[in-house]
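The following note sets out comments on the internal spaces, the cysteines and the domain division of the model under review. Please read the points alongside the sequence and the coordinates.

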Amino acid sequence: MGTGNQTNPWVAATQTGYNENWTNNIQTNVTLDQDLNFLVNGLTFEGSFGYDTYNSSNIERHKWPEQWRAERHRDQDGNLIFTNISGPSVLTQASSNDGSRREFLIAMLNYNHSIKDHHIGIDLRYNQESNTFTQNLGTDIKNGIAKKNQGLAGRAAYNWKNRYYADFNFGYTGSENFSPGHQFGFFPAVSGAWNIAEENFIKENMKWINMFKIRYSYGKVGNDNLGGNRFPYLYTIDGNNKGGYQWAEFGNDKNYPGLGFSQVASPYVTWEMATKQDLGLDLSLWNNQFSMTVDAFKDERTGIYMDRNFLPSYVGLTSIPSANVGAVRSKGIDGNFTVQRQFNKVHVTVRGNITLSKNEVLDRDEEQSVYPYQMQKGYRVNQTRGLIALGLFKDYDDIRNSPTQTFGAYQPGDIKYKDVNGDGVINNDDVVAVGSTSTPNLVYGFGASVTWKGFDVNVLFQGAGSSSFFIYGKTVYAFTEGEWGNILKGLLENRWVSADISGDPATENPNAPYPRLSYSDRDGNNYRNSTFWLRNGRYLRLRNLDIGYTLPKEMLHKIHMNSVRIYCIGTNLFTWAPFKLWDPETTDPRGETYPLIKSVTLGLQISL
Amino acid sequence: MLKKIKAISIFCLMVTLLFSCKKYLKTDEYFKDRMDLDKSFNNVEYIEEWLANSYSYLTGANADVASKGFEPFNFSDDIYYGDRDVNYDVTNAGALSYNRFSLGNYHEDEKQGSWTQCYQGIRSASIFIQNIDNSTVISDEDKADYKAQARFVRAYYYWLLLRKYGPVPIMPEDGADYTDSYDELALPRNTYEQCAEYIGKEMVLAAKDLPQSRGQLAIARPTKGAALATRAKVFLYAASPLMNGGKVSMDYKEKLVDDKGNPLLSITYDESKWARAAAAAKDVMRLGAYSLYVAPFTNSGTVTHPATIVPPYNAEFSDKPWPDGWSNIDPFQSYRALFDGELSAAENPELIFTRGQNQSSEGINVMVVHQLPRIASGWNTHGMTLKQCDAYYMNDGKDVPGKDAEYGKGNGSQRVQGFVTDEDVAEGKYKPLEAGVSLQFANREPRFYASVGYNGSVWDLTNETEVKNREQQVFYYRGSGNGYTNTMFWLRTGIGIKKYVNPMDTYENNNLANVVPKYEPAIRYADILLAYAESLNELNGSYNIPSWDSSEVYTIARSIPEMKSAVKPIRIRAGLPDFTDAVYSSNTALRTAIKRERQIELMGEQERYYDLRRWEDATKELTLPIYGYNVLMTANQRDLFHQPVEAFALQSTFAPKMYFWPISIEELRRDSRMTQNPGWLTYTN
């Protein structure tokens, strides 16, 4: 819209028109409960039927003011020079709408029974659900067909004295998205738990333990949502991009257009499976003053739906089939704790949570490579990859004595790379996994709240770690992408400078944080992903600080008020991170998005 | 009692529910109106469209005769192209220049469209073959014909692959199952012999159901002859030294192996393969469907179609009518009309297979506008080497004086000096030369004048709107407008190409409509005749080989009358005396003569590039420097112009890795069992 990133935020926020949305959402649900005690004691039947409709319409009204850019230099009289970057646009409109319909039916038999200390629960459940989209369907009839699921699920649960638990679950679920024979998936799960706190020796001897439960579960779950790709088992025969042939001699016409598979079928596509294991501990001590939960998990996703991009050409396809070929294993721990304590009139709560995970690609659609380090298999999802930088070239001797780099001309002051495969040439074969992944593998947070009389203080810290990203683009690559004027100060001050220019050999620093300045080296030697531009995405930030005072009730009653609170909230006040150029939490490696806003709010809250 | 009723009714409810739910996920009814295989083979229009698609992959990079953008293989040591060269024009970076092509400086990822395209065509045709039998809307005869057409084109794709890449993997009959894992899909290359046998068998199957001829509206459809002729060419290649125990390429043959190390070309010589090739060529000849085209003798001509230039008197051939002599034919017109669009495909009795109008953006018309001189707005960049120019005989069947003198070969004679004078023209000497033309071009065989744009030849250009721009004598002297300039557009040897150029053709206003449409001569009868003679010539023994349809058994042996029956018509049609009995009786002399005959007769038909390789002659022929006339000389220095020099702008060499085109690295990465042609990179190095 308009002039893209040259537009200032004020214009974007206030001068570009308005939208009108109208949303209609009706949900109906009929439920029938029937007690079947007359047949078997503890048996109940529940059936429900639902019918939801949703419609929305959206009208966007756009306009655009005339916009000018102030140039970097002034005219001879010292006035700013303005360049027109967009003419005005009067209000125009665009409308769109959306709609869907959902129907579902659930029938459930439920049996609960306890004999002495034995507690048994059995559920058997049938459900079917259909989602129909009614707008924006395009021309392919595939898109107008309801998304449907049908399933039978069951659960058998047993516990003895709330001390030993055993559960068995299963789901047998079908999806309309797959070919008959591949529609249903079976997803069983078992779990067990032992609440040690219920054992007599604890109950009698260690009363300060309120809960001490160890649990384990193992199960499979499925996914039939293939990212909008409906009915991959169907093929499409039409004339799209199909060449034809002219059989007749020049001057005559006997031409036929072509017909063929514009999309081949992927007949065996079925559910993506995930095998999930979880070992957990729930602990609660000292009258629940301390509680925590820790889980160690291991998930193995198999049969991940992917395009098969690397079929040999001799197979002769003109379209790409897909299959359940990928596999990823992820492992990690996930925990949180809470401590609550009362010291006289001071009430303190401390909370924390942490998730640490790591994954590995076990299999995916990829072609052979002679260098195992170039395959994704065996590495993490979203692994950052690049060349290994060895600093900057000192001089021409250094260049002569190093392997040949194949990314355009280079000279002293340019980045020197490591020849990973030792073939004497630096090229894309030397790209390796470096750093971590672009998404953090460690996420944590902790906070505390303290109240004393009417005062309350809340703090919340949040952090992430074990991630890395490449910075690139015109922000850090000086004078690229058509930019020729301003560059970051750091690029200028911390760069490699030839002694011929500076007159000082010390400025030829092979370890300078930025290479020599050059023009339009966009695809050249320096400006490519390498450890030189790799940054650690670790950060810890003070997300929230909230200080408040609530006036005493007695005082308020006199002026007929219910409550009054004066407070001050600060968000994003401090960030500690090794990366300083911009907010590491913005995932933008180019540094061009608006950062998270640091704000301080003073407030008064009154209720009458 | 009440309890029971309740229980039963609930049970019934559940059962009905489950039964109604059984169809819940069924979506067939929505899809029944979509196009499916069954429908597409039960409608004549759709059947035609499937087949048209199966054939559509024959164009573009898979053409047999096309301009260099798709078919640099049309250019060898006979003709060259000067454009598409980054050394002359930076916008051509990445283009495959003639020098890069002929020096083997191309890489594994160039000109790979044909591989993909062939296999896509193979799959399309396989689907057609698998499904056409189930069709209920066409008669059994039509079914058989359609199926045979699909079978033909599938085998033809294999032939195109085999010729360019050497041995390739043969797909399962119903196509590779793309749902298999990459490991299961990995196929090794079949041997050359297996590929040749496969194509041969398929072509026999196709020939059984293909008709002998087709009308104007089906000129691009294959016939019985097209299938048998392709088979004959495949067998000729399989018998040739490169594929059949030849010693020159033995090192190469030992390295060209499949994933288990088995050689893919035959290491040991098997003479019976020549017999098989001869029998296959004879199968085409025995159809009786083809004959060489001849234009009638005429003694009153026009500028564009002059009166017949009668070859020098020869007691054996001058007085006899065709096919025993040339008394009633015009050899020049007989050859020229085959290619320049004057003769329609349906009228041409020697056209065996053609893609007809299905030519790409690099079609023969595009080739022609690159041959046309600047004066006709042509690109003036496709030219002929001196070697090719010299290969044409004199009109009495002798060699041109000075032939191959630059190579230190030849018969010791010197090139003719002097030029045609106005008086000569007035006296009617040296026809069809005009004044100022070197006498090196005088008294040459008719095919020379139909093929060579020699210095000072006349271009008719009758489609030019202004009369004054027609009938132009074009010289390639520096400074003459069509000679050397500092652009890309000059002939590196000072010799142009006239083959495929119609007297009307011009490129005025860069309009291709000024070029007469020309069908593609993919397989010509002359090619088959020469193949027959070439194969027989290699035999020492006698072989009994059944004909393609087993209706008779041929006795195949080196028989002079049999070889003569194939070669003589080509010589007579060209207005040349047949080879002497001394030549016919010598195996080596005839081999040399036939190779030269192919070089002349099939110039510009994408034969020479592959012929030199299969004969293993590439190591001798392509390593010679390329000679031409001295293009730096001006009109005042015309004597110097006509003293051949090494063409400084053209280079050529040969290394064994150039026997076959490399397989793309990408394909090697995707097929763990695929092996690269020797001398080219694989993804592991």
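1. Which residues lie nearest the centre of the second largest cavity? In this predicted model, they are B:Ser76, B:Ser102, B:Arg613, B:Leu622 and B:Ser652, out of 13 residues that form the lining. The space enclosed there is about 90 Å³.

2. Two helices of chain B, α5 (98-102) and α22 (608-614), each contribute at least two residues to the lining of the second largest cavity. Of the elements involved, α5(B) gives the most, with three residues. In terms of residue class, this lining comprises seven nonpolar, four polar and two charged residues.

3. The largest cavity holds about 110 Å³ of space. Its lining consists of 15 residues, and those closest to the centre are A:Phe261, A:Gly316, A:Thr318, B:Arg123 and B:Ile127. Residues from both chain A and chain B are thus named around the centre of the largest cavity.

4. The secondary structure elements around the largest cavity also come from both chains: β14 (260-263) belongs to chain A, while α4 (44-56) and α6 (113-132) belong to chain B, and each supplies at least two lining residues. The greatest contribution is that of α6(B), with four residues. The lining of the largest cavity divides into six nonpolar, seven polar and two charged residues.

5. How many cavities of 30 Å³ or more does the model contain? The count is 11, and the two discussed above are the largest and the second largest.

6. With regard to the cysteines, zero disulfides are present over all chains. B:Cys195, for example, takes part in no disulfide, and the nearest cysteine sulfur, which belongs to B:Cys118, is 12 Å away. A disulfide would require the two sulfur atoms to be within 2.5 Å.

7. Are B:Cys195 and A:Cys568 buried or exposed? B:Cys195 counts as buried because its relative accessibility is 3%, and the limit for that class is under 20%. A:Cys568 counts as partly exposed because its relative accessibility is 27%, a value that falls between the limits of 20% and 50%.

8. Chain A is divided into three assigned parts: domain 1 (1-145), domain 2 (382-437 + 468-535) and domain 3 (439-467 + 537-608). Domains 2 and 3 are each given as two segments. Taken over C-alpha atoms, the centres of domain 1 and domain 2 of chain A are separated by 45 Å.

Methods. Residues numbered from 1 in each chain as written. Chains lettered and ligands numbered in written order. Predicted model: local features only at pLDDT ≥ 70, side-chain atom pairs only at ≥ 80, totals over all residues. Heavy atoms only, no water. Buried < 20%, exposed > 50% of the residue type's maximum accessible area, 1.4 Å probe, protein only. 1 Å grid on protein atoms, 1.4 Å probe; cavity = no way out; pocket = protein on both sides within 12 Å on 5 of 7 lines; lining within 4 Å. Points joined across faces, edges and corners; volume = space filled by probe spheres on them. Nonpolar A, V, L, I, M, F, W, Y, C, P; charged D, E, K, R; others polar. Domains from an automatic or database assignment.
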